[in-house]
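Please work through the exercises below with the sequence and the structure at hand. Each task is followed by a worked solution.

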Amino acid sequence: MSSLYDWLFNPSGLTPHGFCLLWAPGLITLHAASDAIIALAYFSIPLALASFASQRKDLEYSWIIHLFVAFILACGTTHLMSIVTLWSPAYGIEGIIKVITALLSIATAGILWPLIPKLVALPSASQLQQLNFQLLFKVDEHERTTQLLRQSETRVRQSNAELERRVEERTAELVAANARLSQALEQRDLLLREVYHRVKNNLQVIDSIVTLQTRRLSDPDAKNALQSLRRRLYALGLVHQQLMGSSNLKTFDVSPFLKELSENIMEGIGGRDISLSVQAIPLDVDLDFAIPLGLLVTELVTNSLKHAFPDGKGKIDVALNRLEDGTFALLVSDDGTGYDIFEAAQKDRAAGLGTALIDGLVSQLKATIKVHRMNGTTSEILFARDEAA
Amino acid sequence: MSDLKKSVLIVEDEYLISLGLTAQIEDMGLKVCATADSADAAVIQAETHRPAIILMDVRLRGDRDGVDAAQAIFHTVGSKIIFITGSREQRTIDRIDQDHPFAVLFKPISDKQLHAAVNDAMRAAGHA
């Protein structure tokens, strides 16, 4: 143990370094001072480096700084030992310190070379600054884009709201217009019903006057003429009654109309045994068509009642059919003695009016009439579908 | 119903139609006890004359119509009521139907329809 201590600090027989310099005060001072300054500097530099490394925790390869710290500290220590060995022959410990310094130096040198490319590859501050600048520019650009997006989003939302508002407005307008139209339609319907009602009432008033007039007459021809007039008035009134009951106030089914009309005319049979049958297909007709048709049926059924049954017995048929070619056929037939209405017209001026009415109404309907006399009399009136519509 | 007289009350605000109906009823050999042109007059006449049959127009002078008059008469007098209406509107028909009508005739009324309805009503009232 004492031999290791002696080897380290006082190998036997060796003299301090100052002895070699013959203790010349100038040289001793020069060496000691120079080594002291170097040692101070060499202790100061690694302290500065260590401080730098500890403050910059983000540094890549900071361990190399610590290697430098160790290496420079070691160097500093060798210079300190040079001062010591001027006066004390501690060449053992000086050598060991030099060995440590050598190992640290060679390790640092050896590690540094291969590290150079990697250190070079590290971005420099100016490069980082430039990158930073580019990044800032991009961030700025991104922010501008975001702002533009946000602006256009706001505009889209605004125009959306505007659109919705307009749709709502338009819908409200349409609903209001619809309501106005419905109201107008309702008023029209009300007005039409009122008109039909008044027409009917007036016809009823005329009928009352005719009835009262008839009671005061004694002439049977005059009474008959007024009864014919009442039948014609009834046909007109019945058309309006049917129109009032129809859902569209424009058209109605002709079939129940023909039945009711014909049955009313049969009131004129007196006590005779005459039957009536009405067979009509359903057909929608309007006022303009129903009036001439109703008057025609009135005249034809009345004629049969007046002329066909001198013996007071028989049968009247009213039929409305659709033929294969689409035309419609109105048939009024009886099983009485065949009569010629034109012959009757020459004898009876009232019958003459009926004949004229039949001719006129047939032409108004753009129809044709054929009269057959076989087992009674059959009047066949043909009209086209378009005329009925 | 036997306390009701074999006569007809005509309720119609159109004078000429009322006159025509009177003639038609008289031609049937029946008596017209009175005519009225408003619901109120109809109620008074019905209570005064107690007719077996009332021919009742729906549209009348004044605020109340034939349906209102019929309602009152049905409960106090009990006459058979034959409505005569120019309207085929469902609203009117629904109102009439609530009102115990004996018959409903739509203008124009044929002699035959009137005769049949009046004869049926007389039978129902016990005046064959």
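The exercises that follow concern a predicted model.

**Exercise 1.** Determine how the elements of chain B are ordered from the N terminus on.

*Solution.* Begin with the count: chain B has 5 helices and 5 strands. Next, follow the chain from its N terminus, where the elements run β-α-β-α-β-α-β-α-β-α. Then turn to burial: 45% of the 128 residues of chain B count as buried. Finally, consider contacts in chain B between residues at least 6 apart in sequence; 64% of these join residues at least 24 apart.

**Exercise 2.** Describe the side of chain A that touches chain B, by element and by class.

*Solution.* The contact draws 21 residues from chain A and 17 residues from chain B. In chain A, α6 (125-216) and α7 (220-245) each supply at least two residues of this side. The largest share, 13 residues, comes from α6(A). Sorted by class, the side of chain A that touches chain B holds 7 nonpolar, 9 polar and 5 charged residues.

**Exercise 3.** Establish how α7(A) and α8(A) are oriented to each other.

*Solution.* Two packed helices are described by the angle between their axes and the distance between the axes. For α7(A) and helix α8 (residues 254-265) of chain A, the angle is about 155 degrees and the axes are 10 Å apart. Angles over 145 degrees count as roughly antiparallel. Therefore α7(A) and α8(A) are roughly antiparallel to each other. The crossing of α7(A) with α8(A) is right-handed. Among the residues that meet are A:Tyr234 and A:Leu238 in α7(A), and A:Phe257 and A:Leu261 in α8(A). By class, this contact of α7(A) with α8(A) comprises 6 nonpolar, 2 polar and 2 charged residues.

Notes:
Residues numbered from 1 in each chain as written. Chains lettered and ligands numbered in written order. Predicted model: local features only at pLDDT ≥ 70, side-chain atom pairs only at ≥ 80, totals over all residues. Contact = placed C-beta atoms within 7 Å. Helix = DSSP H or I, 4+ residues; strand = E, 2+ residues; numbered from the N terminus. Nonpolar A, V, L, I, M, F, W, Y, C, P; charged D, E, K, R; others polar. Axes fitted to C-alpha atoms, helices over the stretch in contact; angles between N-to-C directions. Parallel < 35°, antiparallel > 145°, perpendicular 65-115°, else oblique. Left-handed = near helix turned anticlockwise from the far one by under 90°. Buried ≥ 20, exposed ≤ 12 C-beta atoms within 10 Å, placed from the backbone.
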